Amino acid sequence: MDRCAIAYEYHKAGYNCAQSVAGAFEDLTGLTKEQLMALAGGFGGGVGGSHEELCGAVSGAVLVLSLLYPHTDGGDKAGKMQAYAKAKEFRRRFQEVFDLTRCGELLRARPGVTEKNPAAQRLGVTAHCDNMIVTAVEIVEQMLAEDPAKA
């Protein structure tokens, strides 16, 4: 299954960046496509299309990681720390590729496809948001592959 290609297709079909990333992991989350799209719906375009907050692709990836490494009991400090660690590590890796994580700043900088995001190269991605989406999916997949419990 090529989740990067699935996310790319979702975006081409009109879903926002967060929805496109989240939807690519439907098979792992236990949620339906409709549920994932509803959960991620307001996070596109830096929250509600404002371009002022976190990139929607980052938000979608953190949503997926939160579903796959859930913190559901307020007293579970280890679970909370694991959820935070996964989100923080994803953010670090995304920032390592693009130097930024905020939607508007990414739009102004327009980072391109490089050797740091091979899935975008492989898919021939040229549009800005498609690059963010495909790279976010690629990073989540790398993180899951590195986790023996998820691999």
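**Exercise 1. Decide whether Arg-102 is buried, partly exposed or exposed, and describe its surroundings.**

Solution. Arg-102 has a relative accessibility of 37% and therefore counts as partly exposed, given that buried means under 20% relative accessible area, exposed means over 50%, and partly exposed lies in between (1.4 Å probe, protein chains only). The structure is a predicted model, in which local features need pLDDT of at least 70 and side-chain atom pairs count only at pLDDT 80 or more, while totals for chains, interfaces and linings use all residues. Residues are numbered from 1 along each chain as its sequence is written, and side-chain values use heavy atoms, with hydrogens and water left out.

As the next step, place the residue: Arg-102 sits in the loop between helix 6 (77-98) and helix 7 (103-109), where helices are DSSP runs (H or I, at least four residues), strands are DSSP runs (E, at least two), and both are numbered from the N terminus. Leaving aside residues up to four places away in sequence, Arg-102 touches Glu-52, Glu-53, Leu-54 and Cys-55, contact meaning heavy atoms within 4.5 Å. The C-alpha atoms of Arg-102 and Cys-17, which are 85 residues apart along the chain, are separated by 13 Å.

**Exercise 2. Determine whether Gln-19 is buried or exposed, and which residues Gln-19 touches.**

Solution. Begin with the location, which is helix 2 (residues 17-23). At 12% relative accessibility, Gln-19 counts as buried. Not counting residues up to four places away in sequence, the residues touched by Gln-19 are Met-37, Ala-40 and Gly-41.

**Exercise 3. Describe how helix 5 and helix 9 pack, and which residues make the contact.**

Solution. Two packed helices are described by the angle between their axes and the distance between the axes. For helix 5 (residues 56-68) and helix 9 (residues 128-145), the angle is about 25° and the axes are 9 Å apart; axes are lines fitted to C-alpha atoms, for helices over the stretch in contact, and angles run from 0 to 180 degrees between N-to-C directions. Helix 5 is therefore roughly parallel to helix 9, since angles under 35 degrees count as roughly parallel, over 145 as roughly antiparallel, 65 to 115 as roughly perpendicular and the rest as oblique.

Next, list the residues: helix 5 contributes Ala-57, Ala-61, Val-64, Leu-65 and Leu-68, and helix 9 contributes Met-132, Ile-133, Ala-136, Val-140, Met-143 and Leu-144. By class, the contact of helix 5 with helix 9 has 11 nonpolar residues, no polar and no charged ones, where Ala, Val, Leu, Ile, Met, Phe, Trp, Tyr, Cys and Pro count as nonpolar, Asp, Glu, Lys and Arg as charged, and the others, Gly among them, as polar.

**Exercise 4. Work out how helix 1 is oriented to helix 9, and how the residues of their contact divide.**

Solution. The axes of helix 1 (residues 3-12) and helix 9 come within 9 Å and cross at roughly 150°, and the two helices are therefore roughly antiparallel to each other. On the helix 1 side the contact involves Arg-3, Cys-4, Ala-7, Tyr-8 and His-11, which meet Cys-129, Asp-130, Ile-133, Val-134, Val-137, Glu-138 and Glu-141 in helix 9. The residues of this contact of helix 1 with helix 9 divide into seven nonpolar, one polar and four charged.
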